[in-house]
Amino acid sequence: MKILALVPGGIGDQILFFPTLDDLKQAYPHAQISVVTEPRAQTAYRVCKSVSKVIPYDFKGRNSLADWGNLIGIVRDREYDVVISLGQRWTVGLLLWLTGIPNRVGYAGSSGEIFLTDAAPLKTEQYAAQMYHDLLQGLDIITPFSGLQINVPKSDLAWADREQESLGVKESGYILIHGGSSQMAINKGIDKIYPVESWQKIIEDIQQRQPNLPVVLVKGPEDQALITQITQRCPQVKLTQPEDIGKLAAMIAAANLMVCTDSAPMHLAIAVGTYTIALFGPTDPHKLLPPSERAIAVKSPTGKMADISPDEVLKRIWGN
């Protein structure tokens, strides 16, 4: 059996979709599963063991008929038996129909439902990964949602081990901070960046209370300006710059605590089981964090990230 999944969105959306893919593979262990996703998000599948092929496609770009035709041609050539889609627009439904795949699963009530052969209930009020998992009902796969899990390559675990030795945090442990946000969120006008001044207060408090527990900042390609400002104010922090999502996940897994904004690294922290304190501005933590004592949300009272008090974050860190 050949199965195709259409998963628009960023890296975070892909991670949230992993439980669906894993249970799909569990139900059909000999199936070959392919995923169509945004070019910016295909790196997520480094830590997913259930997918055999990733096909990049810019769902939100200004795609021409030639772009559509090229994707349809690729899909038709592979002769998939089943396609599952997160996309709810009618254009996505039309795309599924044009591929000629006999079994097409999506959400009931979407504008593209007319093009589906089977529809699953859309329950937007729940945790997003659980909502995605409900798509399996369209294939009569009834299995309990077991939470996020990832598969970190051994080479990435070894890299993280060497990185901790290099930073001098192997024996002491460390608190990991990810303060950035994706460029896509910035382009959408979604404020997910916590102010430098607030990070400074949090870091200085940690260093005062726990001088032997280093603070390590994650430096990514999209938040270099933020990291530069933080390190200028807090010169004792250490920096790590994992080159891919597997190495980042390995560094998160080894941390004593992860403090971050609502972002893809937050989902990685949930998947590896690291105690996580996540800051939320305009987004809803009930839909992006699972019910867990190891995942604590700090929600802005105004919806603006800057209005989260550093003292409130510190209360969650120290439990008082």
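How exposed is E197, in terms of relative accessible area? In this predicted model, E197 is partly exposed, at a relative accessible area of 47%. Its salt-bridge partner is R233, with the closest N and O atoms 3.5 Å apart. R233 is likewise partly exposed, and its relative accessible area is 37%. Because R233 sits in helix 8 (residues 224-233) and E197 in helix 7 (residues 196-209), the pair ties together parts that are 36 residues apart in sequence.

This contact is one of 10 salt bridges held by the structure. Side chains of opposite charge can pair when their charged atoms come close. A further example joins D156 and K247, whose side chains meet at 2.9 Å, N to O. Here D156 belongs to helix 5 (residues 154-167) and K247 to helix 9, so parts 91 residues apart in sequence are tied together. With a relative accessible area of 0%, D156 is buried; K247 also counts as buried, at 8% relative accessibility.

A third pair worth a look is R46 with D244, for which the closest N and O atoms are 3.2 Å apart. This salt bridge links distant parts of the chain, 198 residues apart: R46 is found in the loop between strand 2 (32-37) and strand 3 (53-56), and D244 in the loop between strand 9 (238-240) and helix 9 (245-254). R46 is partly exposed, with a relative accessible area of 37%, whereas D244 is buried at 19%. The value for D244 counts as buried because the cut-off is under 20%.

Finally, R46, D156, E243, D244 and K247 are joined into one network by salt bridges that share partners.

Conventions. Residues are numbered from 1 along each chain as its sequence is written. This is a predicted model: local features need pLDDT of at least 70, side-chain atom pairs count only at pLDDT 80 or more; totals for chains, interfaces and linings use all residues. Side-chain values use heavy atoms; hydrogens and water are left out. A salt bridge is a side-chain nitrogen of Lys or Arg within 4 Å of a carboxyl oxygen of Asp or Glu. Helices (H or I, at least four residues) and strands (E, at least two) are DSSP runs, numbered from the N terminus. Buried means under 20% relative accessible area, exposed over 50%, partly exposed in between (1.4 Å probe, protein chains only).
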